[in-house]
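User: Hi! Could you help me go through the charged pairs in this one?
Analyst: Happy to, go ahead and ask.

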Amino acid sequence: FQEMVGRGMRKVPGASYLAQANNVFAPGVSRVIRKRPGFSKINTNAISATGIWTSFIHLGEIADSFYGTASIVAGTHNIYTFAADAPTAVAGGTNFTVGAANLVTPLLFTDGTNPMAIFLSLLRDLPQSINAAGTRADFTIAGTGLTSLKPAIGEIFTQRALYGDVDRDGTVFDDRVYWSDIRDGNLITDHTTQFLSFETRLKDKVRGLRKISDICIIGKLNNIFTMIPTPEAAAPFMVQEEPAGRTRGVVSHHAMEEADHKMFWLGNSNIHSMDQQFQFRDWADAIQPTIRGLNDARREVSVAGVDTDRSLIFFSVSDGSDTTNDLTIALNYKTGGIWLWSLRRNCYGYRAVSDEIRLVEGGYTGFAYYGLTGTAGNLDDATAVIDADVFTPRYWLNGLGIEQKIPYVLLAVDPIATEAITVQYRLNDETTWSDPTGSPYTVSGTDEKIIVVPLKVVARRLQLRFRN
């Protein structure tokens, strides 16, 4: 516990942890808490009021083109180009199964001749492709004795396409990872040998497939496997299971992201990472009850994105009985700081704009957003006010459990322009907040100000709440 100490005037020594922190963050190595940034619309006109984005991809060196996949309720699940506002559907190929949960994995690779974007869907629809000219077509993964492989997830690794949790000519092999021929994403010469199988005693499918440097991580709910290239051996990969431990596996391929020389992923009750030395770390011990309380039926459609400028990684999840990803966990991967944001996101992606890599966020109302821009934005509304809200712990006023007079609290505030700060408090084990006289308090300028918050109460413990 944290205690206020001192004679007469009491204060909290050193840094204080926060019992709860909503819509705030501290970027990089900074310990200064501030309100989170907002977000801004990329397309000012929605593709549909019920359009739900399921992936984004920029074609990079292939072409300066940006695409997204979106599912429209009671409509179609299509590929859209952002060449116009609103984005328009790309003709050709075969559409994906409709549904917000049918998340799409886009990969940049080749069909053996031409570089292109390849799109794989979680429900194992027929893969799609778009080439440099913007032409869309079915992407048939075939080979000798193999008519069509339909993967749920994929990755590009050591000049091959890896395909996990697959439908092979009508039979599902959800424990397997197949690999393509070198630099040819739609050719598997021998489907009877070009795969690895990851059966476990608990029988769970392959849920994640992502690379970090020359290590490919294969994640199941309770297991982490690694694939290492063996170019001089008869088989192209060597596999081993890492001692991660029960429940430290992966819940969603789309909630895995590489950052700071590590692979991060969302687990059943924590956020985990593994580095190139195969060392594991748990990052979210402080909010384990929150992660355990997520909607179990929607863990597989949790999604993640990274903002390297601020050293933040985001996990958008469905809390409790939510049927959309209304809660976003923001983790600073340098300091370990963790905060809860009210952002409703169904997917993330990245777009190169004049050589600047921007985080793109997909919502549920037909709009795509540039993340961490502007001063407004809540859930799926780019104009809504951000409610920054933090709780201190319940401070002990002394180590003896003795009731003590609290005439007032002094708050040191360093404002930016004009700020209106709402202060509330609760005593001992109270569950409701009380409002001190004068709250909210307005401060202005750029110099540090001292706010006198009158309480005039008697208590053993004190908890404060600050909202902006």
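User: Is E300 buried, partly exposed or exposed?
Analyst: E300 counts as partly exposed, at 23% relative accessibility. Keep in mind that this is a predicted model.

User: Which residue does E300 form a salt bridge with?
Analyst: Its partner is K205, with the closest N and O atoms 2.8 Å apart. K205 counts as buried, because its relative accessibility of 18% is under 20%.

User: Where do those two sit in the chain?
Analyst: K205 is in the loop between β18 (195–197) and β19 (208–212), and E300 is in the loop between α1 (288–292) and β27 (303–307). They are 95 residues apart, so the pair links distant parts of the chain.

User: Cool. What about R467 and D389, how do their side chains meet?
Analyst: In a salt bridge, at 3.8 Å from N to O. This one links two strands, R467 being in β40 (residues 461–467) and D389 in β34 (residues 389–391), 78 residues apart.

User: And which of the accessibility classes do they fall in?
Analyst: D389 is buried, with a relative accessible area of 5%, while R467 is partly exposed at 27%.

User: Switching over: what does E403 pair with?
Analyst: E403 forms a salt bridge with R460, the closest N and O atoms being 2.6 Å apart. Both lie in loops, so the pair ties together parts that are 57 residues apart in sequence. E403 is partly exposed at 39%, and R460 is partly exposed at 29%.

User: Which residues are joined into one network by shared partners?
Analyst: D174, D175, K203 and K220.

User: Last one, how many salt bridges in total?
Analyst: The count comes to 18.

Note on methods: Residues are numbered from 1 along each chain as its sequence is written. This is a predicted model: local features need pLDDT of at least 70, side-chain atom pairs count only at pLDDT 80 or more; totals for chains, interfaces and linings use all residues. Side-chain values use heavy atoms; hydrogens and water are left out. A salt bridge is a side-chain nitrogen of Lys or Arg within 4 Å of a carboxyl oxygen of Asp or Glu. Helices (H or I, at least four residues) and strands (E, at least two) are DSSP runs, numbered from the N terminus. Buried means under 20% relative accessible area, exposed over 50%, partly exposed in between (1.4 Å probe, protein chains only).
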